[in-house]
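Colleague: I'm new to reading models like this one, so could you walk me through it and tell me why things get the names they do?

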Amino acid sequence: MSHQVPSTLKYTKDHEWAKIEGDIVTIGITDFAQSALGDIVFVELPEVGSTLDQASTFGVVESIKSVSDLYSPITGEVVEANNELESSPELCNQSPYDSWIIKVKATNLSELDSLLSSADYEQHCSEL
Amino acid sequence: MSLQLTSLHNKHVNLGAKMAPFAGFDMPLQYSSVKEEVIAVRSNCGVFDVSHMGEFLCVGEDAEKFVDFMVTNDFLGAGSNKAVYSPLCRENGTVIDDLIAYKLSHGRVLICVNASNIEKDWDWFNEFVGDFDCTLTNLSSEYSLLAIQGPKTEQILKDLEIIDSAEFPYYSVKESEFNGNELILARTGYTGEDGFEIFCSHKFAGELWDKLLSVGVAPCGLAARDVLRVEVCYPLYGHEITDDITPLDAGLKWTVKLNKPEFIGKQALSEYQAKYTLVKLALEKGIPREGYEVLNAADEIIGKVTSGTMSVTANKGVAICQVEANKNPKDKNYKIRIRKNDFEATYYAKAFVTGGHK
């Protein structure tokens with residue numbers, strides 16, 4: 001299965017991508033994830049202001065037949081959630097890397113070292 | 001245990017279907033997208049490989065009488081060449097399986113059962129067949145079965161000369177022939193739409209599949225099949241119907257004919273008070289899933305979701321729910337608990353979607 005893995009982003013093994021700009025980390029799901037899920041019909045977002053631990057669940061994406069938890073790549077506070085996905089969850093299918101889900105103000109940037117590079121993530125996907 | 005393959009397995013793989021184990025078979029879950037497949041069936045035509053289903057053939061003078069004795073619905077009373085849906089029950093009224101029995105001709109009955117229950121059903125039928133003048137053959141591995149469903153099905157099958165212009169009412173069956181291939185054509189299905197189910201040889205199944213796809217029929221997987229049947233609120237064994245409840249607990253009172261002289265489970269079912277009732281609930285936001293709790297206005301847990309999905313056609317989360325009969329609220333106020341949050345649900349007296357079957 002061919003899928004996009006932009007080299008400018010970091011990744012989790014659970015198929016979230018993270019874009020790092022200063023201490024703000026923008027998070028979404030990867031092209032591989034959206035393709036595996038199929039038609040995404042529901043995205044459950046966290047409250048802005050809630051705090052997340054690295055690897056804790058922060059939301060849910062649902063396709064017609066499946067429910068998948070979303071895992072935070074980093075510890076911090078949710079500063080923004082993409083409300084557009086509530087009415088148009090299919091955007092995650094159409095443009096997974098533009099359709100960010102949340103933005104987190106990170107409290108411990110050294111956690112970013114534990115995320116996968118694009119090459120490592122591609123390798124990870126090829127082993128699934 | 002290795003998975004069984006249907007005769008069309010290679011075709012599914014070549015089409016790029018997402019495959020998954022189901023009832024011991026490696027089955028296509030979806031091809032293009034579940035959504036597109038559901039839309040194809042509701043508006044046009046889709047084909048499902050359901051060759052995993054089991055088939056028993058009952059032949060002999062008593063064939064109809066035997067099947068009528070085994071099932072709760074009225075099989076003897078149905079007209080010739082009719083199909084009858086029925087639960088198959090134990091003496092205590094609990095459900096072994098649900099099935100469709102087809103009156104092929106006098107003394108010839110085809111019984112189609114759920115793939116996951118083939119062995120259990122076969123054993124059960126064989127416990128009783130000795131008392132009747134008929135014999136049973138398990139043809140489950142001999143037949144392929146294609147379900148062709150959707151409003152355009154009749155026209156497409158006429159154009160392919162699989163069916164002729166003769167009257168073919170809903171829930172009826174005909175034995176037929178096409179280029180030397182023996183077919184059993186049934187106007188039945190599991191989507192709520194008009195359509196046919198065609199029992200045929202493995203060899204012909206591939207030819208028929210290719211013919212259908214070449215005229216634009218959409219290949220559809222089990223995921224779309226499940227969405228379609230939940231939208232029209234058809235029960236599924238293992239979900240709405242289970243080994244430990246009766247048909248009366250699963251909204252199937254209409255299939256239990258207590259006025260029949262004799263059938264297995266009659267006495268138990270005639271004395272039984274249903275413990276559960278099925279209710280149909282929809283959510284404006286969120287998607288109910290199997291196992292989620294159902295609550296009343298006072299936040300008491302009164303039941304659970306037995307099947308839930310996003311309805312492609314109704315564009316909302318829909319659920320068939322099993323509620324304790326004595327706790328079913330008269331005010332029809334229900335909530336469904338999703339990940340610790342309770343959502344008000346809309347009660348549906350009828351199915352979420354009205355299929356177009358004739």
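Modeller: Sure, let's start with a strand pair: S1(A) and strand S2 (residues 16–21) of chain A are joined by 2 bridges and run antiparallel. Before we go on, this is a predicted model, where local features need pLDDT of at least 70 and side-chain atom pairs count only at pLDDT 80 or more, while totals for chains, interfaces and linings use all residues. Residues are numbered from 1 along each chain as its sequence is written, chains are lettered from A and ligands numbered from 1 in the order in which they are written, and side-chain values use heavy atoms, with hydrogens and water left out.

Colleague: What makes S1(A) and S2 of chain A a pair?

Modeller: Two strands pair if DSSP finds at least two bridges between them. S1(A) and S2 have 2 bridges, so they pass. One bridge partner is easy to find: A:Tyr11 has A:Trp17 in S2(A). The strands themselves are DSSP runs (E, at least two residues), and helices are runs too (H or I, at least four), both numbered from the N terminus.

Colleague: Which strands are called edge strands in the sheet of chain A?

Modeller: The open sheet has 6 strands in the order S1-S2-S3-S9-S8-S5, with antiparallel pairing. Strand S1 (10–11) and strand S5 (51–52) of chain A are the edges, as each pairs on one side only.

Colleague: How do you know that S1 and S2 of chain B pair?

Modeller: Strand S1 (residues 18–22) and strand S2 (residues 25–30) of chain B share 5 bridges and run antiparallel. At least two are needed, so they count as paired. B:Met19 stands opposite B:Pro28 in S2(B). The two strands form a hairpin with 2 residues between them, and B:Ala23 in the turn has a positive phi of about 50 degrees.

Colleague: Why is B:Arg339 with A:Glu44 called a salt bridge?

Modeller: The rule asks for a side-chain nitrogen of Lys or Arg within 4 Å of a carboxyl oxygen of Asp or Glu. The closest N and O atoms of B:Arg339 and A:Glu44 are 2.9 Å apart, so the pair qualifies. B:Asp226 and A:Lys65 qualify too, because their closest N and O atoms are 2.6 Å apart. That pair crosses between chains, from helix H7 of chain B to the loop between S6 and strand S7 (67–71) of chain A. The count between chain A and chain B is 4 salt bridges.

Colleague: How many residues of chain A and chain B are in contact?

Modeller: Contact means heavy atoms within 4.5 Å, and 15 residues of chain A are in contact with 16 of chain B. The chains bury about 1,300 Å² between them, 51% of it on carbon and sulfur atoms. Buried area is the accessible area (1.4 Å probe) that two parts lose on being put together, summed over both.

Colleague: What makes the pieces of chain B domains?

Modeller: Domain bounds come from an automatic or database domain assignment. Chain B is divided into domain 1 (9–51 + 141–231), domain 2 (55–136) and domain 3 (275–358). The centres of domain 1 and domain 3 of chain B, taken over C-alpha atoms, are 30 Å apart.

Colleague: How many salt bridges cross the interface of domain 1 and domain 3 of chain B?

Modeller: The rule finds 0 salt bridges there. Still, 14 residues of domain 1 of chain B are in contact with 16 of domain 3, and the two domains bury about 1,200 Å² between them.
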